[in-house]
Amino acid sequence: MLFFLFLLVANSVFSQVKTEKVSIEQIPISRKTSLSKLMVVEIPSKEFKIRNLETNLVGKELGKDELAFGIFTDFYLDLSQIKGLCKNGFCYKEVEVLSEGSNTLGFVFKSLHLSENSELFIINDDESYIQGPYTKSTVNIPDNFISGLMPGEKLRILLKEPYIEQNKSKVVISQVSHGILDFFAIENYKFSQSNCIGFGCSAICNENIICHQNHTVESLGVALMLRKSENTYFAHGTGTLINNGKQDFDPILLTAIHVSSTILLEDMQFMFHYRSPQCSPTLNSSTNITIQGAKNLTFVAETDLKLIKLDVNPYYSPVFANNPVSYLGWSIVDQNIPYVTGIHHSLGDVQKFMEGSSPSPTTINNNYFWETQLTNGLLEIIASGSPIFDQNKRIIGANHGRRSGLNYECDNPDSPSLLYGRLSRSWYKFSEFLDPENEGIVAMNTITNQAEPKIFSEISGSDQLCSTNSYTVLNSPLDATITWTATPSNLFSTSTGTGKIANLSPATASSSGTGTLTFTFTQNGESWYVSKNITVGSPKINMGTYSYNNNTQPTQPYISIINNVVCDLYTPVSAEIPIEAGISNFHNLQILHVSNPSLTYNVTFSDDLATIYFDFWDYGQEIIFRLTTQNDCGSDFKDFAFRSEQCYGYLSDYKVYPNPASDVLNIEIN
């Protein structure tokens, strides 16, 4: 399959609206008291256009990028020309619009500039569904806004303005959308070929997502994608909100390239919560919320995967306050996946469940997919871009389509397998957005309102290397080249290699120190890594330094005489003794000799340093320490001795004259 990507960027238009099932009591003004004027939509060449739509809908296969289901026709309506009715501090303007034979009806608002406290509602004919309220705060950019889908062939538009804001709103409709795809079980339009497309029409083996309540949280992040292209309305696949390393609820959506051309993103709509409220039988959705507008982030052609960013963030939107979304977890880990699951909108139906066999990485014409055999459900057109989950319900890809072949039907073991673009193979571009702080994250969990733990690669193996040990990188990313290095190289017999396992041993029997093992992952020139510190060989105590009165001198191990001399009294003395390959829990300090039992001292240890503190308060005092250290590979010890003396050998009171001198210089010493 060839993908043609249009990279033009237009000014974005974005808004949001809730469509929900209601009772008559929730309607601001009931039809019984309404004085609506009825306006009929005239569609030129209507029968011809509708038949073309039906022809387009019939016979489409999974992997195709669009399903035309509606037409837009010019229709001018300016609510300022409608006479209002005022009562109880509010003024109401309303009009009814009829487009015969439509299953769904909607509007393009040339202008939707609402006053500060005005509300606009769209109500279906039997007053069972209401859309809105549209307000100044929910209509972010009020020009050329496309309303969400509403059921039926007749809709009522109701503008409610406070009396003091009367006639301050500017509401102008420029087009009406007439849809024949059934999203709400209306059945106003009957297909001539007895084809069932839309609500309740996906394959009989497709189970509603509510039947699998362990996927309820994940379903909150899945959206049916729609778009307006010139005068045609398309259902355009499925997309999924996805979590990122900051866990800041950034509205990043994963989908397939072939269902989300960038040139059309300003007119793309994302319908969340479109699902049956019960397992069986399927009922029309009680609530759905539509967002309009998005921006392109990045794409990877060889996986048919794409990231876009919605212009409205559902997490912060009051429209979603009672119907929150989820930001789904994901994984790029190279692991055994015993089975996969997914959520999709096949044929534009409500959310359905799928399950497949253990997936295998597959390459077809230099494109990289997961391949799985269906074990539950059947994906059909408009399922493209839908997510596939591993056993931990983390996204590992999005649907590209299926292999060609016959017998693609429910419960057929010979049914062609499904293909999903691999998230792991897209990481060299996606990491910028899904791991924005470059933390080395390889998997994340789904979030709805609070952060979850992140998953990283890590190195398994002993912290100490005495002879030969094997080290394995866990949670390594799939589709990355893996190399490893051990530094400094003089500590190790082998310091470089490839793959998930590094077999290390000390360079020599006397090698001692702290080294670092680093596994580096590389994909398409982008690299990231994970490291582990390793203690190599037996510990070794080195020469140290001691200091007092800001005077630092080298110390020598005690041999036969006291040779570290402290000349000043009443000042703290410290000795810092470096230790290679040390472990602080196994250091020990022993006093071999002290001239006065009241002489005070203490010691602190870290893995690679012993610091000894003591005070001399008289001349002729002595102290001798023995420092011992060990690890699993061996041990070492050294003795250190100190003595306080009254130091001479310098002149403290003298005169030199004359100055300058010619032939005789006098020196007087006191």
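**Disulfides.** I searched this predicted model for disulfides and found 4. I took three of them in turn.

I looked first at cysteine 86, which is joined to cysteine 91 with an S to S distance of 2.0 Å. I noted a right-handed link for this pair, with 105 degrees about the S-S bond. Cysteine 86 is partly exposed at 33% relative accessibility, whereas cysteine 91 is buried at 3%.

I then turned to cysteine 205 and cysteine 410, whose sulfur atoms lie 2.0 Å apart in a disulfide. The torsion about their S-S bond is about -75 degrees, so I recorded this disulfide as left-handed. Cysteine 205 sits in the loop between β12 and β13 and cysteine 410 in the loop between β28 and β29, so the pair ties together parts 205 residues apart in sequence. I entered cysteine 205 as buried, because its relative accessibility of 12% falls under the 20% limit. Cysteine 410, at 22%, is partly exposed.

For cysteine 466 and cysteine 633 I read a sulfur separation of 1.8 Å. This disulfide is also left-handed, with a torsion of about -90 degrees. The loop between β33 and β34 holds cysteine 466 and the loop between β48 and β49 holds cysteine 633, so parts 167 residues apart in sequence are tied together. Both cysteines are partly exposed, cysteine 466 at 36% and cysteine 633 at 23%.

**An open sheet.** I traced a sheet of 5 strands in the order β33-β39-β38-β35-β36, with mixed pairing. Its edge strands, β33 (464-465) and β36 (496-498), each pair on one side only. Within this sheet I followed β35 (residues 481-487) and β38 (residues 513-523), which pair in the antiparallel sense over 7 bridges. I noted phenylalanine 521 in β38 as the bridge partner of isoleucine 482.

**Aromatic rings.** I searched the whole structure and obtained 18 aromatic pairs. One of them is the edge-to-face pair of tyrosine 134 and phenylalanine 145, at 5.5 Å centre to centre and 75 degrees between the planes. Tyrosine 134 belongs to strand β8 and phenylalanine 145 to strand β9, so the pair ties together parts 11 residues apart in sequence. I found both residues buried.

I also noted a cluster in which ring pairs link Phe69, Phe72, Phe183, Tyr233 and Tyr274. Lysine 228 lies over the face of phenylalanine 72, 5.0 Å from the ring centre. Elsewhere I recorded the charged end of arginine 402 over the ring of tyrosine 408, 4.2 Å from its centre.

**Whole protein.** I counted 3 helices and 51 strands. Of the 670 residues, 54% count as buried.

Terms used:
Residues are numbered from 1 along each chain as its sequence is written. This is a predicted model: local features need pLDDT of at least 70, side-chain atom pairs count only at pLDDT 80 or more; totals for chains, interfaces and linings use all residues. Side-chain values use heavy atoms; hydrogens and water are left out. Rings of Phe, Tyr and Trp (its six-membered ring) pair if their centres lie within 6.5 Å; planes under 30 degrees apart count as stacked, over 60 as edge-to-face and the rest as tilted. Helices (H or I, at least four residues) and strands (E, at least two) are DSSP runs, numbered from the N terminus. Buried means under 20% relative accessible area, exposed over 50%, partly exposed in between (1.4 Å probe, protein chains only). A charge sits over a ring if NZ of Lys or CZ of Arg is within 6 Å of the ring centre and within 35 degrees of the ring normal. Two strands pair if DSSP finds at least two bridges between them. A disulfide is a pair of cysteine sulfur atoms within 2.5 Å.
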